[in-house]
Amino acid sequence: MEATASVDNAAQAEENKLKTMKEEVIAQPSVDDIQGTVGTPFVENAKMSMRNVNVYYAEKQAIFNVGLDIGKNEVVAMIGPSGCGKSTFLRCMNRMNDTIDICKVEGSLTLEGQDIYDPKLDVVPLRARVGMVFQKPNPFPKSIYDNVAYGPRIHGLTNRKAELDEIVETSLRKASLWDEVKDRLHAPGTGLSGGQQQRLCIARTIAVSPEVILMDEPCSALDPIATAKIEELIAELSENFTIAIVTHSMQQAARVSNRTAYFHLGKLIEVNDTEKVFTNPEHELTEAYITGRFG
Amino acid sequence: MDTSTLFAFLALLMAGAFMLGRGRSLAQASNAGGVRALNSLPSYYGMLTLLWCGIPSLAVLGAWIIFDDLIIHQLLIQSLPQEIRNLDPTELSLRINTIENMAASGMGANAEPYIQNAIVTLERLQKTSGYALTGVALLVAVMTGLWGWTRIQPQLKARNQVENAFKIILLSCSCLAILTTVGIVLSVLFESIRFFSMIPITDFVFGSEWSPQMAIRADQVGGSGAFGAIPLFVGTMLISLIAMIVAVPAGLMAAIYLSEYASTRVRSLVKPALEILAGIPTVVYGFFAALTVAPMIRDTGGIIGLSVSSESALAAGLVMGIMIIPFVSSLSDDVINAVPQSLRDGSLGLGSTQSETIRQVVIPAALPGIVGGILLAVSRAIGETMIVVMAASLAANLTANPLEPVTTVTVQIVTLLVGDQEFDSPKTLAAFALGLMLFIVTLGLNFLALHVVKKYREQYD
Ligand SMILES: Nc1ncnc2c1ncn2[C@@H]1O[C@H](COP(=O)(O)OP(=O)(O)OP(=O)(O)O)[C@@H](O)[C@H]1O
Ligand SMILES: [Mg+2]
C-alpha cells in the first residue's frame, strides 16, 4: 500500500517538473487560442490579396482563416515548422491545389483585384501570370533548351527561332546557369546535377515572364554558392516581379525578403517587416521559433 | 511405401537433422566457452546438417524416378519368351504397351498366358523398385546427414556454406526455366532440320506458294506440295497490323483517360471492366469474330458495293485488336502512373493545359515503357492462335487487301498437326519449321523492344 503511494508521488512530482519545464521553455498560448494575426498582414498596393482562406484536405483542415497581402515588387518570406501549411497556402495562389482531388479552398484570393477562384476564370493564363518553382527540381525529360523554351512555346510568346534563342539565353543567364550549360544546350536536362536542375527550373519559370513568382524552398537542394546566386537572383527579380518564397532557412528569409510571415499549425501567427520579425518579434510563438526553441 | 509417404519421412528426417546439428553445435559451444566461440549461429549448423541430409537423398530420389521406368522396361523385355523378343521393334513396343496398360487397369485375367506372366513380373519389379527406392533414399539421407553432423566444429564456416548452398539452389531453379526453353528450341530445331533436308530452306523462306497437300501413295493424284512460307507470314503480318491499328490507339487512349482524367469512381468501374475483357477466353473471341463480326463486315461491304470475303483478314484483325486492348492499356497505364506527379505539376505550373502536359511531358517520359509494351503486344498478336483458327481462312492468299481471306502461321501449324499424321512426312515437319520461324520473329521483336527501351532510357535519365 505504502509502496504504491510513493510511486504515485514520484510520478506526480515528475509530471509537475515537466509542466514547469514546459512553461519555462515555451511560455505561449496554445494554438487553439490564437485568433487573428498580429503585425501587418495587409499593405497598400497589393498585387495579390488573400482573405479568410481556409483549406481542407478531405475532412482535415490545413489552413485556418488566413489573410495576407503580397505587395507589388515585394518579396514575402513564409516560414514555420514543417507541416504548418506553407506549401499548401502557396499552392492556393496559382491554383495548383486543383490537381489534388481532395483539396478544397475557401475564401477570397485576388490577383490585382480579380478573383482567381472565379469559376469562369481560365487557370491557364493565371498560371502563366503566377509562376511556381517547386521544392524538388523537376526538369522535363527534354533537352535543356527545350525545358526553358517549353513555356514560351506553349504560350506562343514567339515563333521566331532567334527570339526564342534569346529568351532561353536571358532566362538561363538570370538563373546563373548559362555559363555552365551554354555548350550543351541540347543535352537532356535530367543529366544536370541537382542544384543545376533547380536553377534550370527557375530559368524555365522566368522564361514565361510571370508577374508573380511563387517559390517553395527553392534552395533546399543547393549548395551555399548556388544558394547565394539564387538569392542574388531573387533580389534582382524583385525589381520587376512580385515574389513569395517559402524557406526553412531563417538567414535566407532575413537576406531576401521585405516582409516575413510566420505560420504555425495552419494559422498565420505574425506578419511584419523582416527586420522586426528577426530582431523583435511581436508574438511569443514567432520568438520561440526563430530562437530555435522548437520547430 | 509410396512416394508421398517417403517425402513425409524425408521431411521428418530433415527436421531431425536440423535439431541434431543445432544441438551438437550448442554442445560444442558450451565446451568452447559460449555461442560466441562458434563461427556461425547454431541454427546455421542445424541448417547445414539439414541440407546434408536432404539434398543427396532428394537427388537420388529424382534420378531414380527418371530412370526406373527405363530399367523396368528392359528387365520386362528380358523376361519375355524368346519368340516375342524376336519380333521387330515396333511390334515389340506395342506388345509392351499392351502389357503395361493391362497391368495398370488390372484387366489381364483373360489375356494370353505369356502376357499374364509378364504382368506378374512387371508388378513384382515395380514393387521391388518401390521398396528399394524407399530403402536407398532413407539410407542415403541418414548416412549423409550423419556425416554432415560429425563435421560440425566451432571452426566450420556453416553460415557461408549455407549461403552458398542457397545460392546454388536458386541458380538451379532459374536454370530449369532456361533448360526447358533450350529443350523446346532444340526439339523444334532438329525437326526443322529434318524438314529442310527434304525441302530446300530457300524454297521455304522465299517461296510464295503454300499448298502442303502431298500425294500419300505414289499413284495418287494430289497436291505437289509447295512449302513457300511467305503467304503465311504476310497473312500473319496483315492480321497483326490490323490488330495493332485497333489496339494501340484505343488501348493507349484508354490508359491516358484512366490515369489522367478519370475520377477515382470512374476508374474503379472502368478498370475492372477492361480486365474482364482480358479474361475472356480467346476461343470466345474466336467465334465472336467468325459468327458476328465477319458477317457484319461482309454485309456492310455489300451495302457500299465492296465484295468482302466472309473470312476476311479484317474481321480476325479487328477482334484480335479488341482482345489486345486491355493488354496495351494496362501496360501503358502502369508506365503512365509511374511518371512522377512533380513533372505534371511543373508543366501545369507553367500554365500549360492538361492535354499539353500529357502530350509534351507525360507521354515522352513514359514512352520507353509504352513502346516496350506495344512490341510485347505485337509478339502476342503474332503468336495468337485461337481467334485466327476460327476466323481466318485456310487459303494461303498472298495479298495485302484486308477484305480478302488470308491465313496465318499459327493456323497452318494447327491444321498441319491436327488429325492422324505420319511424323516424318514433310507436311508434318513443316509445322516445326513454321514454329521455328515464328519463334525467331518474336525473339527478334522482344530483342528490339529491349533495345528501344534502353535507348530511350539513356536519353531521359
Ligand atoms: N496531398 C495532401 N493530402 C492530404 N494532406 C495533405 C496533402 N498535402 C499536405 N497535406 C497536409 O497538410 C498539412 C500542411 O502541409 P504542407 O505541405 O502545406 O506543409 P509545409 O508547411 O509545406 O511543410 P514542409 O515545410 O515540411 O514542406 C500537413 O499536415 C500535411 O499532412
Ligand atoms: Mg512544403
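Begin by selecting A:Ala77 and A:Ile245: A:Ala77 stands opposite A:Ile245, a residue of strand 9 of chain A. The model on display is a predicted one. This pair belongs to the pairing of strand 4 with strand 9 of chain A, which is parallel and extends over four bridges.

**Strand 9**

Extend the selection to the whole of strand 9 of chain A, residues 242-246. Five of its five residues are buried, so strand 9 of chain A is largely enclosed by the rest of the structure. Colour the side chains by direction: A:Thr242, A:Ala244 and A:Val246 point one way, whereas A:Ile243 and A:Ile245 point the other way, and all are buried.

**Strand 8**

Next, add strand 8 of chain A, which pairs with strand 9 of chain A in the parallel sense over five bridges. Two places along this pairing deserve a label. A:Val212 stands opposite A:Thr242 of strand 9, and A:Ile213 stands opposite A:Ile243 of strand 9.

Strand 8 of chain A covers residues 212-216, and five of its five residues are buried, so this strand too is largely enclosed by the rest of the structure. From strand 8 of chain A, A:Val212, A:Leu214 and A:Asp216 point one way and A:Ile213 and A:Met215 the other way; all are buried.

**Strand 7 and the loop after it**

Select strand 7 of chain A, residues 130-133, which is joined to strand 8 of chain A by four bridges and runs parallel to it. Here A:Val130 has A:Val212 of strand 8 as its bridge partner. A:Val212 can therefore be labelled twice, since A:Thr242 of strand 9 also stands opposite it.

Proceed to A:Ser143, in the loop between strand 7 and helix 4 (144-154) of chain A. Is A:Ser143 buried or exposed? With a relative accessibility of 10%, A:Ser143 counts as buried. Display its surroundings: leaving aside residues up to four places away in sequence, A:Ser143 touches A:Leu185, A:His186, A:Ala187, A:Pro188 and A:Gly189.

**The antiparallel sheet**

Now hide the parallel strands and select strands 2, 3, 5 and 6 of chain A. These four strands form an open sheet in the order 3-2-5-6, with antiparallel pairing. Strand 3 and strand 6 (114-115) of chain A stand at the edges with a single partner strand each, so one side of each has no neighbour in the sheet.

At the strand 6 edge, select strand 5 of chain A, residues 103-111; two bridges join it to strand 6 of chain A, and the two run antiparallel. A:Leu111 has A:Gln114 of strand 6 as its bridge partner.

**Two loop residues with positive phi**

Follow strand 3 of chain A into the loop that leads to strand 4 (75-79), where A:Asn73 lies. The phi angle of A:Asn73 is near 50°, a positive value in a residue other than glycine. A:Asn73 is partly exposed, its relative accessible area being 37%.

Then select A:Leu265, in the loop between strand 10 (259-264) and strand 11 (267-273) of chain A. Its phi is near 45°, again a positive value in a residue other than glycine. How accessible is A:Leu265? A:Leu265 counts as exposed, at 52% relative accessibility.

**Ligand 1**

Centre the view on ligand 1 and display the 15 residues around it, of which A:Ser82, A:Gly83, A:Ser87, A:Thr88 and A:His248 come nearest. Coloured by class, the shell divides into five nonpolar, seven polar and three charged residues.

Which elements of chain A each supply at least two residues of this shell? They are strand 3 (60-71) and helix 2 (86-92). Helix 2 of chain A gives the most, with three residues.

Three distances to oxygen atoms of the ligand can be drawn next:

- A:Lys60 places a polar side-chain atom 2.9 Å from an oxygen atom of ligand 1.
- A:Gly83 has a backbone N or O atom 2.8 Å from an oxygen atom of ligand 1.
- A:Cys84 has a polar backbone atom 3.3 Å from an oxygen atom of ligand 1.

Of the 630 Å² of accessible area that ligand 1 has on its own, the protein covers 66%.

**The whole chain**

Finally, restore the full view of chain A, whose secondary structure comes to eleven helices and eleven strands. Buried residues make up 51% of its 295 residues. Chain A exposes about 13900 Å², of which carbon and sulfur atoms supply 50%. Among contacts in chain A with a separation of 6 or more, 67% are between residues 24 or more positions apart.

How values were computed:
Residues are numbered from 1 along each chain as its sequence is written. Chains are lettered from A and ligands numbered from 1 in the order in which they are written. This is a predicted model: local features need pLDDT of at least 70, side-chain atom pairs count only at pLDDT 80 or more; totals for chains, interfaces and linings use all residues. Side-chain values use heavy atoms; hydrogens and water are left out. A residue is near a molecule or strand if one of its heavy atoms lies within 4 Å of it. A polar contact is a pair of N or O atoms within 3.5 Å; within protein, one must be able to donate a hydrogen and the other to accept it, and residues adjacent in sequence count only if both atoms are side-chain atoms. Accessible areas come from the Shrake-Rupley method with a 1.4 Å probe; for residues, only the protein chains shown count as cover. Ala, Val, Leu, Ile, Met, Phe, Trp, Tyr, Cys and Pro count as nonpolar, Asp, Glu, Lys and Arg as charged, and the others, Gly among them, as polar. Buried means under 20% relative accessible area, exposed over 50%, partly exposed in between (1.4 Å probe, protein chains only). Contact means heavy atoms within 4.5 Å. Two strands pair if DSSP finds at least two bridges between them.
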